[in-house]
Each structure stands twice: as C-alpha cells, then as structure tokens.
Amino acid sequence: MATLDTQRLELYLPPRAAGGGLDQDEEWCEVELDGERRRILLHDYAAIFNVPGLYEQVFAETLECDSPLIVGQLLGAELNAADVDPASLKALDFGAGNGMVGEQLAAVGIDSLIGLDLLTEARDAALRDRPGLYEEYYAGDVTDLDPDDRRELEAHDCNAMTCVAALGFGDIPPAAFAAAFNLVASPGWVAFNLRDRFIDDADPAGFGAFIGRMLEEDVLEEQARVSYTHRVSVAGEPLEYHAIVARKRADVPLDWM
Ligand SMILES: C[S@@+](CC[C@H](N)C(=O)[O-])C[C@H]1O[C@@H](n2cnc3c(N)ncnc32)[C@H](O)[C@@H]1O
C-alpha cells in the first residue's frame with residue numbers, strides 16, 4: 001500500500017468501457033494540476049514521478065498494485081526458510097522507481113539498498129519521497145553506464161537484486177536485466193516479477209525464453225514462484241503476473257547477448 005503522505009490529487013481514469021480496448025502500455029489517466037486537467041500515459045514514468053503521490057495514488061490505490069509487497073514478502077519468506085539473515089544482504093533494486101520496493105525490502109529486514117533506474121526523475125522522486133532509504137541511487141542505462149557509476153556500482157558488492165514491475169512492455173529488456181544481474185555476486189538472491197504472457201511467450205528474443213535459459217543452464221536456481229494479480233487494468237480486468245525468487249549461481253555469459 002502507499003505510505004506517502006501527500007495531498008489527494010484529482011484523478012480521472014478512462015471510462016471502463018473505453019479502457020477495455022487499451023493494452024497495458026497504452027493506458028492513461030488525467031490529473032488536475034494547477035487548475036488544468038493533464039493527460040498522462042501510465043507508462044510515462046518521468047511525468048508521473050514528477051508529481052508527488054501520483055504514482056502511489058494511481059498504481060497502489062486506484063489500480064490495487066501490490067507487487068512491491070508481494071515480491072518483498074516472498075523474498076523475505078525464502079530468506080527465512082533458508083535461514084539467511086536479511087541484514088546480510090545488500091540489494092540492488094533495479095528499475096527502482098520512487099522507492100516503493102525499497103520500502104518493502106526494508107520492511108523484511110533488507111535495509112542495505114542501492115537503487116538503479118533509467119530515469120533521473122525516478123531517482124529524484126525516491127530522494128524526495130523516501131530520503132535515506134537507498135544508500136546510493138544511480139540513474140542511467142545499465143548497458144551504457146558512466147564509468148564512475150559502473151565502478152561504484154561494482155564496488156557496492158551487491159549480493160541480491162530485485163526488479164519489480166519493470167520487465168517487458170518497452171521497459172527493461174533482457175540485455176539490461178542481464179547487465180544488472182551481472183553486477184550481483186554469485187551466490188546471490190534475485191526476486192522479480194513478470195506478466196504471465198511474457199513467461200509463456202515462445203519468442204526466442206523474449207523474456208520467457210531468456211528466464212527459461214537462465215534456469216536450464218543453472219545461472220538461476222528457482223526457490224519460489226507465485227501467480228497473483230499484479231493490479232487491475234483501467235478497465236478493471238486483473239493483470240496476472242508471476243513473482244519469482246531465485247538464487248543466482250553464475251553470471252549471464254556475455255555470448256548470450
Ligand atoms: C512501473 S515502474 C516500477 C517501479 C518500482 N520497481 C515499483 O515496483 O514501484 C518501472 C520502472 O522501471 C524503470 N525502467 C524502465 N526501463 C528501464 C531500464 N532500461 N533500465 C532501468 N530502469 C528502467 C522505469 O523508469 C520505472 O521507474
């Protein structure tokens with residue numbers, strides 16, 4: 001659930017019937033800002049993060065997104081089952097957005113957190129809304145990082161990675177997932193979620209095939225998987241996802257990319 005204490009925003013979603021024709025990356029909302037109603041695509045994260053509380057109000061409250069909680073708790077439960085102290089982990093939160101996942105990781109005892117996101121707006125929002133949650137938060141393309149940022153990221157020696165609500169739909173591609181994954185130590189822990197239709201997709205360039213290969217070739221060892229409703233669409237339809245917790249056993253070989 002959203003924990004940010006901000007003013008309520010006047011929010012409008014497309015009428016449910018109209019929303020029924022929109023795919024996940026076409027959905028929009030309208031929000032009253034400075035007396036004007038502005039339309040924002042739900043995948044225009046930069047615009048959403050620029051308005052304090054909008055991400056929480058749209059996704060967590062209105063569209064009932066519980067993924068940060070579900071993935072955070074699944075990771076916490078697996079650590080507990082494996083008798084691993086959460087405080088022994090340093091987690092790279094990849095596609096960290098404004099920090100909702102970091103908050104859930106801290107709630108299960110993983111409080112050494114490094115944020116990484118493509119957008120400076122995400123970093124600015126996390127520092128604005130959840131100051132002190134991340135030890136460091138980097139903004140940039142992980143496949144083309146500023147050399148100083150890369151050195152610093154490597155020096156953090158993260159031994160866990162989370163990636164929530166950020167794979168597929170033109171967000172994080174497999175190559176970027178692999179680059180972030182390879183910043184994490186082996187053995188390590190990984191927790192992420194993915195829409196069911198991407199997992200089942202037979203496209204060899206897609207995430208389903210990529211994750212399948214990571215599991216088959218012992219790069220990843222799955223510990224737990226749950227199917228659940230990530231959120232509802234603007235038309236009120238459930239969007240089904242898988243949350244996966246796995247142990248990292250090795251880097252993704254560079255020749256896979
Ligand atoms: C729906 S938000 C999820 C944010 C956060 N993980 C959460 O669950 O609240 C998706 C995030 O992925 C980030 N993202 C998209 N493409 C990315 C990329 N190639 N590398 C890193 N982050 C990316 C976006 O900027 C955005 O912050």
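This passage walks through the sheet, the open and closed spaces, the ligand surroundings and two backbone details of one predicted model.

The model is predicted, so local features need pLDDT of at least 70 and side-chain atom pairs count only at pLDDT 80 or more, while totals for chains, interfaces and linings use all residues. Residues are numbered from 1 along each chain as its sequence is written, and side-chain values use heavy atoms, with hydrogens and water left out.

A good place to begin is the sheet. Helices (H or I, at least four residues) and strands (E, at least two) are taken as DSSP runs and numbered from the N terminus; two strands pair if DSSP finds at least two bridges between them. An open sheet is built from 3 strands in the order β1-β2-β3, with antiparallel pairing. Because β1 (11-12) and β3 stand at the edges with a single partner strand each, one side of each has no neighbour in the sheet. β1 pairs with β2 in the antiparallel sense over 2 bridges, and here L11 has V31 of β2 as its bridge partner. On the other side of the pairing scheme, β2 (residues 28-33) and β3 (residues 36-41) are joined in the antiparallel sense over 6 bridges. Within this pair, W28 stands opposite L41 in β3. β2 and β3 form a hairpin with 2 residues between them, and D34 in the turn has a positive phi of about 50°. As a general guide for reading such a sheet, side chains in a regular strand alternate between its two faces.

Attention now turns to empty space. Rolling a probe the size of a water molecule over the atoms shows where empty space is left. The search uses a 1 Å grid over the protein atoms alone: a cavity is a set of points where a 1.4 Å probe fits but cannot get out, whereas a pocket is an open set with protein on both sides within 12 Å along at least five of seven lines, and lining residues have an atom within 4 Å of a point. Grid points are joined across faces, edges and corners, and a volume is the space filled by probe spheres set on the points.

The largest pocket holds about 570 Å³ of space. Its lining has 31 residues, and those closest to the centre are Y45, G95, D117, A166 and D171. Two or more lining residues come from each of α2 (45-49), α3 (54-62) and α5 (100-107), with α3 giving the most, 3 residues. For the make-up of a lining, Ala, Val, Leu, Ile, Met, Phe, Trp, Tyr, Cys and Pro count as nonpolar, Asp, Glu, Lys and Arg as charged, and the others, Gly among them, as polar. On this scheme the largest pocket has 21 nonpolar, 7 polar and 3 charged lining residues. Domain bounds come from an automatic or database domain assignment, and domain 1 (11-62) and domain 2 (67-256) each supply at least three residues to the lining of this pocket.

The second largest pocket has a volume of about 150 Å³. Among the residues lining the second largest pocket are R150, E154, N182 and M257. Here α7 (147-155) and α8 (174-181) are the elements that give two or more residues, and the largest share, 3 residues, comes from α8. The lining divides into 8 nonpolar, 1 polar and 3 charged residues.

Closed spaces are found too, with a count of 2 cavities of 30 Å³ or more. The largest cavity contains about 160 Å³ of space. Of its 17 lining residues, Q24, Y45, A165, H230 and Y241 lie nearest the centre. α3, β8 (188-195) and β9 (220-232) each give two or more residues to this lining, which divides into 10 nonpolar, 5 polar and 2 charged. Since domain 1 (11-62) and domain 2 (67-256) both give residues to the lining, the largest cavity lies between them.

The ligand comes next. A residue is near the ligand if one of its heavy atoms lies within 4 Å; 19 residues surround the ligand, and the closest are Y55, G95, D117, V164 and A165. Polar contacts are pairs of N or O atoms within 3.5 Å; within protein, one must be able to donate a hydrogen and the other to accept it, and residues adjacent in sequence count only if both atoms are side-chain atoms. A polar side-chain atom of Y55 is 3.0 Å from an oxygen atom of the ligand, and for a polar side-chain atom of D117 the distance to a ligand oxygen atom is 2.6 Å. V164 takes part through a polar backbone atom, 2.8 Å from a nitrogen atom of the ligand.

Two backbone details complete the account. S186 and P187 are joined by a cis peptide bond, with omega about 0°, and P187 sits in the loop between α8 and β8. D157, in the loop between α7 and β7 (160-163), has a positive phi of about 50° although it is not a glycine.
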